[in-house]
Amino acid sequence: MRIVSVNQKDLGKHSQENASTLVYDMASNRLVGVCLLFMEDQQRTFYPGLFNFGVLPAHRNRRIAANMLKRALTVLHSEYPIMRLGLLQGTYAELLYYNLGFMPADVEVEACVLPTSEINLLKSFR
Ligand SMILES: CC(C)(COP(=O)(O)OP(=O)(O)OC[C@H]1O[C@@H](n2cnc3c(N)ncnc32)[C@H](O)[C@@H]1OP(=O)(O)O)[C@@H](O)C(=O)NCCC(=O)NCCS
């Protein structure tokens, strides 16, 4: 595995700019894991947040995800009191986050629905 620290200018000029990670399989040079962070503006107070996090199915259960998150937390902890992330309740990721010490915060409910009539409309644009 090759681990690449992502230098994101929008994360600022301090240690947090290296908190995002890409993981490549050395044999295939394929990107197999991503852990991308952003700075969330909470009324002019900025917190790092997780916006893209995943591991390709063939590479799961090898602690790649846990290690990418641990890396982010290690880089960020001296400058930020919290890191935020959103999740769907009941997914595999939920246990991973709790095991790393994340705690539930405010619950945001957002439901998106696409009526079947709209699907037919979309098909007509092909
Ligand atoms: C969630 C995801 C990133 C985990 O990646 P991973 O590299 O397989 O995870 P890890 O090997 O680091 O697993 C760490 C912990 O996560 C949990 N976990 C991971 N996969 C699991 C599974 N299939 N079933 C149950 N728990 C699981 C376990 O608690 C595990 O700890 P353990 O090794 O002590 O049992 C991966 O399944 C994924 O990409 N899912 C689709 C995208 C997604 O859901 N992203 C998160 C959006 S909030």
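This is a short tour of a predicted model, from a hairpin to the core and then to the ligand.

**Stop 1: the hairpin.** Select residues 20–25, strand β2. Add β3, residues 30–42. The two strands pair in the antiparallel sense, over five bridges. Now pick Asp25: its bridge partner in β3 is Arg30. Four residues lie between the strands of this hairpin. Show Asn29 in the turn, where phi is positive, at about 60°.

**Stop 2: the nonpolar core.** Keep β3 on screen and add β4 (45–55) and α1 (64–76). Each of these three elements gives two or more residues to the largest nonpolar core. That core has 14 residues. Helix α1 provides the largest share, seven residues. Next, select Ala19, Cys35, Ala65, Met68, Leu69 and Ala72, the members that touch the most other members.

**Stop 3: Ala65.** Center on Ala65. Leaving out residues up to four places away in sequence, Ala65 touches Gly33, Phe53, Val55 and Leu96. Keep Ala65 and Leu96 selected, as both are also among the residues that come nearest to the ligand.

**Stop 4: the ligand shell.** Display the ligand. Around the ligand are 17 residues. Gly54, Arg60, Ala65, Ala66 and Leu96 come nearest. Which elements supply at least two residues of this shell? Color β4, α1 and α2 (92–99) to see them. The largest share, five residues, comes from α2. Finally, color the shell by residue class: 10 are nonpolar, four polar and three charged.

Note on methods. Residues are numbered from 1 along each chain as its sequence is written. This is a predicted model: local features need pLDDT of at least 70, side-chain atom pairs count only at pLDDT 80 or more; totals for chains, interfaces and linings use all residues. A nonpolar core is a set of buried Ala, Val, Leu, Ile, Met, Phe, Trp, Tyr and Cys residues joined through C-beta atoms within 7 Å. A residue is buried if 20 or more other C-beta atoms lie within 10 Å of its own, exposed if 12 or fewer, and partly exposed in between; C-beta atoms are placed from the backbone. Two residues are in contact if their C-beta atoms, placed from the backbone, lie within 7 Å. A residue is near a molecule or strand if its C-beta atom, placed from the backbone, lies within 6 Å of it. Ala, Val, Leu, Ile, Met, Phe, Trp, Tyr, Cys and Pro count as nonpolar, Asp, Glu, Lys and Arg as charged, and the others, Gly among them, as polar. Two strands pair if DSSP finds at least two bridges between them.
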